[in-house]
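Here is a quick tour of one model, meant to be read with the structure open beside you. Have a look at the fold before reading on.

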Amino acid sequence: MNWDYPHPFTLPLAPRVEDIDGLNHTNNAVYVRWCEQVGWAHSESLGLSLDDYRRLDRAMAIRRGEYEYILPTLLGEELTLATWLVGGDGKLSMERRFQLVRNSDGATVLRGRWELVCIDISGGRPRRMPPAFLEAYMPQVVGASGGS
(Lines give C-alpha, C1' and ligand atoms only; values in the text may rest on other atoms or scores of the structure.)
Protein backbone atom coordinates (compact mmCIF):
# COMPACT_ATOMS: atom_id res chain seq x y z
CA MET A 1 0.00 0.00 0.00
CA ASN A 2 1.11 3.53 -0.71
CA TRP A 3 0.59 5.07 2.72
CA ASP A 4 0.81 8.78 3.44
CA TYR A 5 2.98 8.12 6.52
CA PRO A 6 5.14 5.18 7.61
CA HIS A 7 4.07 2.35 9.91
CA PRO A 8 0.29 2.83 10.04
CA PHE A 9 -2.05 1.17 12.47
CA THR A 10 -4.57 -0.55 10.18
CA LEU A 11 -8.04 -2.03 10.29
CA PRO A 12 -9.51 -4.18 7.47
CA LEU A 13 -13.05 -3.19 6.48
CA ALA A 14 -15.73 -3.94 3.89
CA PRO A 15 -19.00 -2.06 3.42
CA ARG A 16 -22.06 -4.07 4.52
CA VAL A 17 -25.62 -3.76 3.21
CA GLU A 18 -26.56 -1.31 5.98
CA ASP A 19 -23.58 0.92 5.04
CA ILE A 20 -24.84 1.52 1.49
CA ASP A 21 -26.92 4.62 0.73
CA GLY A 22 -29.43 5.52 -1.97
CA LEU A 23 -26.63 6.17 -4.46
CA ASN A 24 -25.46 2.55 -4.06
CA HIS A 25 -22.16 3.42 -2.41
CA THR A 26 -20.90 3.66 1.16
CA ASN A 27 -22.62 6.47 3.03
CA ASN A 28 -20.23 9.22 4.12
CA ALA A 29 -21.34 8.89 7.75
CA VAL A 30 -20.01 5.31 7.71
CA TYR A 31 -16.49 6.58 7.01
CA VAL A 32 -16.72 8.84 10.08
CA ARG A 33 -17.80 5.85 12.20
CA TRP A 34 -14.92 3.77 10.80
CA CYS A 35 -12.43 6.50 11.70
CA GLU A 36 -13.73 6.41 15.26
CA GLN A 37 -13.37 2.62 15.31
CA VAL A 38 -9.78 2.63 14.08
CA GLY A 39 -8.90 5.50 16.44
CA TRP A 40 -10.16 3.51 19.44
CA ALA A 41 -8.53 0.31 18.23
CA HIS A 42 -5.22 2.16 17.90
CA SER A 43 -5.59 3.66 21.37
CA GLU A 44 -6.41 0.27 22.87
CA SER A 45 -3.40 -1.28 21.13
CA LEU A 46 -1.29 1.34 22.92
CA GLY A 47 -2.79 0.37 26.28
CA LEU A 48 -5.46 3.06 26.71
CA SER A 49 -9.10 1.95 26.69
CA LEU A 50 -12.33 3.79 27.39
CA ASP A 51 -12.17 2.36 30.93
CA ASP A 52 -8.73 3.98 31.35
CA TYR A 53 -10.12 7.30 30.11
CA ARG A 54 -12.93 7.09 32.69
CA ARG A 55 -10.56 6.07 35.50
CA LEU A 56 -8.24 9.00 34.69
CA ASP A 57 -11.16 11.42 34.09
CA ARG A 58 -9.43 12.45 30.86
CA ALA A 59 -10.21 12.01 27.18
CA MET A 60 -8.86 13.08 23.83
CA ALA A 61 -11.91 14.82 22.36
CA ILE A 62 -12.30 15.76 18.71
CA ARG A 63 -12.11 19.54 18.42
CA ARG A 64 -12.25 19.48 14.64
CA GLY A 65 -12.71 16.73 12.06
CA GLU A 66 -12.13 17.00 8.32
CA TYR A 67 -12.80 14.35 5.69
CA GLU A 68 -11.92 14.33 2.00
CA TYR A 69 -14.16 11.88 0.16
CA ILE A 70 -12.07 11.02 -2.92
CA LEU A 71 -13.71 7.94 -4.46
CA PRO A 72 -16.84 5.91 -3.70
CA THR A 73 -16.71 2.41 -2.27
CA LEU A 74 -19.20 -0.35 -2.93
CA LEU A 75 -20.84 -3.20 -1.09
CA GLY A 76 -18.32 -5.85 -0.08
CA GLU A 77 -15.19 -4.10 -1.37
CA GLU A 78 -12.14 -4.98 0.69
CA LEU A 79 -10.66 -1.84 2.24
CA THR A 80 -7.91 -0.99 4.69
CA LEU A 81 -8.20 2.01 7.00
CA ALA A 82 -4.94 3.39 8.38
CA THR A 83 -4.33 5.89 11.15
CA TRP A 84 -1.39 7.78 12.60
CA LEU A 85 -0.72 10.35 15.27
CA VAL A 86 1.11 13.08 13.36
CA GLY A 87 1.37 15.88 15.87
CA GLY A 88 1.17 16.58 19.55
CA ASP A 89 2.28 19.38 21.84
CA GLY A 90 2.78 17.05 24.82
CA LYS A 91 0.33 19.17 26.83
CA LEU A 92 -3.20 19.52 25.48
CA SER A 93 -3.43 18.63 21.81
CA MET A 94 -2.72 15.96 19.22
CA GLU A 95 -3.51 15.40 15.58
CA ARG A 96 -4.67 12.10 14.12
CA ARG A 97 -4.72 11.33 10.38
CA PHE A 98 -6.62 8.69 8.43
CA GLN A 99 -6.27 7.11 4.99
CA LEU A 100 -8.73 4.59 3.55
CA VAL A 101 -7.42 2.47 0.68
CA ARG A 102 -9.22 0.09 -1.67
CA ASN A 103 -7.25 -3.16 -1.57
CA SER A 104 -7.91 -4.23 -5.17
CA ASP A 105 -6.06 -1.34 -6.78
CA GLY A 106 -4.41 0.56 -3.89
CA ALA A 107 -6.48 3.68 -4.59
CA THR A 108 -6.95 6.09 -1.71
CA VAL A 109 -10.68 6.64 -1.31
CA LEU A 110 -10.69 8.87 1.79
CA ARG A 111 -8.35 11.01 3.83
CA GLY A 112 -9.24 12.51 7.17
CA ARG A 113 -7.78 14.40 10.09
CA TRP A 114 -8.81 15.14 13.63
CA GLU A 115 -7.58 17.91 15.88
CA LEU A 116 -7.81 16.45 19.38
CA VAL A 117 -7.76 18.20 22.73
CA CYS A 118 -7.40 16.63 26.15
CA ILE A 119 -10.39 17.30 28.40
CA ASP A 120 -11.59 16.21 31.80
CA ILE A 121 -14.57 13.94 31.26
CA SER A 122 -16.42 15.16 34.35
CA GLY A 123 -16.49 18.80 33.25
CA GLY A 124 -15.51 18.86 29.60
CA ARG A 125 -12.81 21.46 30.19
CA PRO A 126 -9.37 21.37 28.57
CA ARG A 127 -6.79 19.75 30.83
CA ARG A 128 -3.18 18.67 30.45
CA MET A 129 -2.65 15.14 29.25
CA PRO A 130 -1.95 12.80 32.17
CA PRO A 131 1.35 10.88 32.19
CA ALA A 132 -0.40 7.72 30.93
CA PHE A 133 -1.47 9.58 27.77
CA LEU A 134 1.97 11.05 27.21
CA GLU A 135 3.64 7.66 27.66
CA ALA A 136 1.24 5.87 25.29
CA TYR A 137 0.63 8.47 22.61
CA MET A 138 3.65 10.74 22.24
CA PRO A 139 6.18 8.03 21.21
CA GLN A 140 3.75 7.08 18.41
CA VAL A 141 3.72 10.54 16.83
CA VAL A 142 5.15 10.18 13.34
CA GLY A 143 8.61 11.69 13.41
CA ALA A 144 8.86 11.58 17.20
CA SER A 145 12.05 10.24 18.69
CA GLY A 146 11.61 6.52 19.16
CA GLY A 147 8.19 6.58 17.49
CA SER A 148 6.73 4.85 14.49
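## Cysteines

How many disulfides does the structure hold? Zero. Keep in mind throughout that this is a predicted model. For orientation, a disulfide is a covalent bond between the sulfur atoms of two cysteines.

As for where cysteines sit, Cys-35 is buried, with a relative accessible area of 0%. Cys-118 is buried too, and its relative accessible area is also 0%.

## The sheet

Now for the strands. What is the strand order in the open sheet? Its five strands run S1-S3-S4-S5-S2, and the pairing is antiparallel. At the edges you'll find S1 (9-13) and S2, each of which pairs on one side only. Going from one strand to the next, the twist averages 20°.

Strand S4 is worth a pause. Eight of its 10 residues are buried, so S4 is largely enclosed by the rest of the structure. Ser-93, found in S4, is partly exposed, with a relative accessible area of 22%; the cut-off for buried is under 20%. Pick Leu-116 as a partner for Ser-93 and you get 23 residues of separation in sequence, but 5.5 Å in space from C-alpha to C-alpha.

## Two hairpins

Start with S3 (residues 79-88), which pairs with S4 in the antiparallel sense over nine bridges. If you want landmarks along that pairing, Trp-84 has Arg-97 in S4 as its bridge partner, and Leu-79 stands opposite Arg-102 in S4. S3 and S4 make a hairpin with four residues between them, and Gly-90 in the turn has a positive phi of about 75°.

Then move on to S4 and S5, which pair in the antiparallel sense over nine bridges. Here Gln-99 stands opposite Arg-111 in S5. This pair forms a hairpin as well, with five residues between the strands, and Gly-106 in the turn has a positive phi of about 75°.

While you're tracing side chains, a general reminder: in a regular strand they alternate between the two faces of the sheet.

## The largest pocket

What is the volume of the largest pocket? It comes to about 200 Å³. Which elements give two or more residues to its lining? They are helix H1 (28-45) and the strands S2 (59-69), S4 (93-102) and S5 (108-119). H1 supplies the largest share, with four residues.

If you'd like to select the lining residues, they are Glu-36, Gly-39, Trp-40, Ser-43, Tyr-53, Met-60, Ile-62, Met-94, Arg-96, Trp-114, Leu-116 and Tyr-137. Sorted by class, the lining has eight nonpolar residues, two polar and two charged.

## A look at the helix

One more residue to click on is Val-30, which lies in helix H1. Is Val-30 buried or exposed? Buried: its relative accessible area is 7%, and anything under 20% counts as buried.

How far apart in space are Val-30 and Trp-114? The distance is 16 Å, C-alpha to C-alpha, with their positions 84 residues apart in sequence. Trp-114 is one of the residues lining the largest pocket.

Note on methods
Residues are numbered from 1 along each chain as its sequence is written. This is a predicted model: local features need pLDDT of at least 70, side-chain atom pairs count only at pLDDT 80 or more; totals for chains, interfaces and linings use all residues. Side-chain values use heavy atoms; hydrogens and water are left out. A disulfide is a pair of cysteine sulfur atoms within 2.5 Å. Buried means under 20% relative accessible area, exposed over 50%, partly exposed in between (1.4 Å probe, protein chains only). On a 1 Å grid over the protein atoms alone, a cavity is a set of points where a 1.4 Å probe fits but cannot get out, and a pocket is an open set with protein on both sides within 12 Å along at least five of seven lines; lining residues have an atom within 4 Å of a point. Grid points are joined across faces, edges and corners, and a volume is the space filled by probe spheres set on the points. Ala, Val, Leu, Ile, Met, Phe, Trp, Tyr, Cys and Pro count as nonpolar, Asp, Glu, Lys and Arg as charged, and the others, Gly among them, as polar. Two strands pair if DSSP finds at least two bridges between them. Axes are lines fitted to C-alpha atoms, for helices over the stretch in contact, and angles run from 0 to 180 degrees between N-to-C directions.
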